[in-house]
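User: I've got this model open and would like to talk through a few spots in it. Can you walk me through them?

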Amino acid sequence: MAQSSPAAGMREQDAWNALDAGQAQVAEQAFRDAIALDPKNARLHMGLGTAAFVLRHDADAKASLERALVLAPDLTRARAQLAQVFKRQNDLTEAIRLYEIVATEVPADTGVRDTLDRWKREAELHDRMRLTVGDFFTVSFEGAEDADMAAQALESLNRAYWRICDVFSAFPPKSVPVVLYSGEQFRDITRSPQWAAAAFDGTIRVPMRGAGEKGEDLDRVLAHEFTHALIRSLATRNLPTWLNEGLASVLERDGLDWAEARVAKASSVPSLTVLSNSFGKMSGAEAQVAYAASALAAKRLLDEAGGIAIANLLRDLGDGVDFEAAFLHRIQKSFADFQASVQQR
Ligand SMILES: [Zn+2]
């Protein structure tokens, strides 16, 4: 691709650097500036589409990536990124069609091959699945023998819906998709660490073998994942992990004796600042302490500030307001003071 403008080249470099640094909004603007100078450069449209994907602006991402592929049909990275947009929108057929092409373009890339195989297994599973539709959820499940389980899950989700929406005075804007998997299928498709009971990535995915054996566990797992769904409807970004997992853990059930006991037994408890990062790389024992400490902090926040203030904090974070500024405004206390009071316990 010819570089028609040195200024466009400089803005492009700024844009990729911003994207690498996790500043997708800055990157988006820089790509737009570069496109204004060099509108037929496919790589710039690919960059803009990638930034939009990171920001979860799927319609914009799709438009930019499709434009990139019109300008340069052999731009494999744009096609791979476009496939990810379709995948996130649950259009597995189109995602797989595009990724098949990507796999022929980069035959040596085993990562591409693995992803394609995983998506195909997920598609095969979905083909076998049945659907039950409630007022607030659509529940997919595998066989006729799971129909009772799906009905039970839907009842449990409806109870969680009213209880948890009431806490925040907030409701998800649309029906929440739920997929019930067997344990094996679940790990295969989401690549969740072994210790995770369920997962939320826009769809609530619940491993039913095991979780379904005791009704109380099912209620707990579904309440936890529904809380994530509700939180995601308020803030799609900038969310500290302790707040997300802490709220989901508190709203699982009434008591926090398990969390008190776990923290009391721990040799050290990480600060909330540390717990703002992902728990994904933690060992099982570390994760237990992280969830317990997060739950206790979230409980304190709920008791002190209430669910409506927390919902407003989440909305601010989703709107891109700085965490400490949003916390001070909505909780009426600095985050440093809150963190200190949590650690004193
Ligand atoms: Zn969680």
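User: Which residues of α15 are buried?
Analyst: This is a predicted model, so take the burial as computed from it. To count as buried, a residue needs 20 or more other C-beta atoms within 10 Å of its own. In α15 the residues that pass are Ile310, Ala311, Asn312, Leu313, Leu314, Asp316 and Leu317.

User: And how far apart are the end C-alpha atoms of helix α15?
Analyst: The helix covers residues 307–318, which makes 12 residues. At 1.5 Å a residue it should span 16 Å, and the model agrees with that. The end C-alpha atoms are 16 Å apart.

User: Which residue with a positive phi follows α15?
Analyst: Look just past the helix for a phi near 95°. That one belongs to Gly320.

User: Is Arg56 buried, partly exposed or exposed?
Analyst: Arg56 sits in the loop between α3 (42–54) and α4 (58–71). Its phi is near 65°, positive even though it isn't a glycine. Most residues other than glycine have a negative phi. With 15 other C-beta atoms within 10 Å, Arg56 comes out as partly exposed.

User: What about Ser169, buried or exposed?
Analyst: Ser169 is in the loop between α8 (147–168) and β3 (176–181). It isn't a glycine either, yet its phi is positive, about 50°. Because it has 11 other C-beta atoms within 10 Å, and the cut-off is 12 or fewer, Ser169 is exposed.

User: What distance separates the centres of domain 1 and domain 3?
Analyst: The chain is divided into domain 1 (6–126), domain 2 (128–232) and domain 3 (235–345). Taken over C-alpha atoms, the separation between the centres of domain 1 and domain 3 is 34 Å.

Terms used
Residues numbered from 1 in each chain as written. Predicted model: local features only at pLDDT ≥ 70, side-chain atom pairs only at ≥ 80, totals over all residues. Helix = DSSP H or I, 4+ residues; strand = E, 2+ residues; numbered from the N terminus. Domains from an automatic or database assignment. Expected span 1.5 Å × (residues − 1).
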